[in-house]
Amino acid sequence: MAPRFTVLTPDAQYADDAVIERQAGGADVEFVIRRERDRKKIPDEVYAQCDALLTWHELRVDQSVIDKMPRCRIIVRAGVGFDHIDLAAAGAAGIPVANTPDYGTSEVADHAIGLMLALLRGIPAYDRALQADPVGNYTLEAGRLTRRIRGTTIGIVGLGRIGTATAMRAKAFGLEVLAYDPYIPRGMEIALGVTRVETLSDLLSASDIVSVHAPLTPETHRLFGDAAFSVMRPHAVLINTARGAIVDLDALLGALQAGRIAGAALDVLPEEPPPEPLPALLQAYHEQPDWLRGRLILTPHAAWSSPESQADARRLSAETTVAYLRSGALRNCVNEAVLDRKKLRR
């Protein structure tokens, strides 16, 4: 059977030849797989021939890319965040954009709790110290932030799927849970057994641990800057497994240096991988001066990662793509508000 549809993945995040995608798509779908970060490295004719774009997070899908795809009927993000896709430009061209929200929830929530434990139980700090000197460093000195977790307060910023999963895990550790999310329905907090606060400032001033689970939007861009850090408790720690640009790295460096917060754990950065020369915070992390040691943990946008999660992201995003191409069934549309349905491509 000759393929009816061509799906382009410009920035595939797997090593095989789209085995899962081809199984989900069937014989009438051809997957064209590239592994680029620079959209200019993909020839224009490859863009021009695609009926759908199934993208990860490495390549920005802006007006220049959309203009290259006259046949493209849908853009699907193999993942949750879609801040690298120009929703308005796609919508104006009659192209719906869908994401894949039903994968990786458990992994990211587990990672957020793991980062909390790593900071507040000193696990990586102890490990590094013992690697350097298993005898001389067999002490408690490296665990600078170690404290009892039970009975303290965690503030969840963003009570969506992952924020909710994190809140439920936090309750199991005996934490009091506050939540700030102006977009969830009233009463959600009652169903979850958490306490809702009305402002971010209210959450920050009352929390010993702050965990970020919000999308990156103009509203949340650099939400954690000087103003936010000035409200946080000096012994508080910040955990971000959401989007890197929600945290201003320079402001975080200043807050750590001045002792306005105790520590931070980041799985995401504003630019990934980080640029060279390194931003000041990352240079300090690399050099590990004494004032920072044990107070900052980084992981490489790994919170979502597991073999199971990656397989789910691949299968579900392929299913979403193919369902729309075959029947027009649209799942998880994220640009409905700006989608020109008169220009939908059939």
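1. A definition first. Helices (H or I, at least four residues) and strands (E, at least two) are DSSP runs, numbered from the N terminus. Q288 can be placed in those terms: it sits in the loop between α12 and β12 (296-298). The model is predicted.

2. Backbone at Q288. Phi is near 55 degrees here, a positive value in a residue other than glycine. Most residues other than glycine have a negative phi, and most peptide bonds are trans. The loop between α12 and β12 is therefore a place to look at the backbone.

3. Cis peptide bonds. Which residue is joined to E272 by a cis peptide bond? The partner is P273, with omega about -10 degrees. P273 lies in the loop between β11 (263-266) and α12 (280-287). A cis peptide bond also joins E276 to P277, where omega is about 0 degrees. P277 is likewise found in the loop between β11 and α12.

4. Domain layout. The chain splits into domain 1, made of 5-103 + 307-327, and domain 2, which covers 105-298. Domain 1 is thus written as two stretches of chain. Taken over C-alpha atoms, the centres of the two domains are 32 Å apart.

5. Contact between the domains. How many residues of each domain take part? Eight residues of domain 1 touch six residues of domain 2. The size of an interface is often given as the accessible area lost when the parts come together. Between domain 1 and domain 2 the buried area is about 640 Å². Carbon and sulfur atoms give 40% of that area.

6. Polar links across the interface. One salt bridge is found between domain 1 and domain 2. Three residue pairs are in polar contact across this interface, both residues at pLDDT 80 or more. On the side of domain 1 that touches domain 2, three residues are nonpolar, two are polar and three are charged.

7. D83 and R243. These two side chains form a salt bridge, at 3.0 Å from N to O. By the domain bounds, D83 falls in domain 1 and R243 in domain 2.

8. Salt bridges overall. The whole structure has 19. One of them pairs the side chains of D28 and R4, at 3.5 Å from N to O. This pair links distant parts of the chain, 24 residues apart. D28 is in the loop between α1 (19-25) and β2 (29-33), while R4 is in the segment before β1 (5-9).

9. UniProt catalytic annotation. An unreviewed entry lists residues 27-335 as "domain: D-isomer specific 2-hydroxyacid dehydrogenase catalytic". In the model this span is 36% helix and 14% strand. Its end C-alpha atoms lie 29 Å apart.

10. UniProt NAD-binding annotation. The unreviewed entry gives residues 113-303 as "domain: D-isomer specific 2-hydroxyacid dehydrogenase NAD-binding". Helix makes up 35% of this span and strand 14%. The end C-alpha atoms of residues 113-303 are 10 Å apart.

Terms used: Residues numbered from 1 in each chain as written. Predicted model: local features only at pLDDT ≥ 70, side-chain atom pairs only at ≥ 80, totals over all residues. Heavy atoms only, no water. Domains from an automatic or database assignment. Contact = heavy atoms within 4.5 Å. Buried area = accessible area lost by both parts, 1.4 Å probe. Salt bridge = Lys/Arg side-chain N within 4 Å of Asp/Glu carboxyl O. Polar contact = N/O pair within 3.5 Å; in protein donor to acceptor, adjacent residues only side chain to side chain. Nonpolar A, V, L, I, M, F, W, Y, C, P; charged D, E, K, R; others polar. UniProt positions renumbered as here; feature names shortened; annotations may be inferred.
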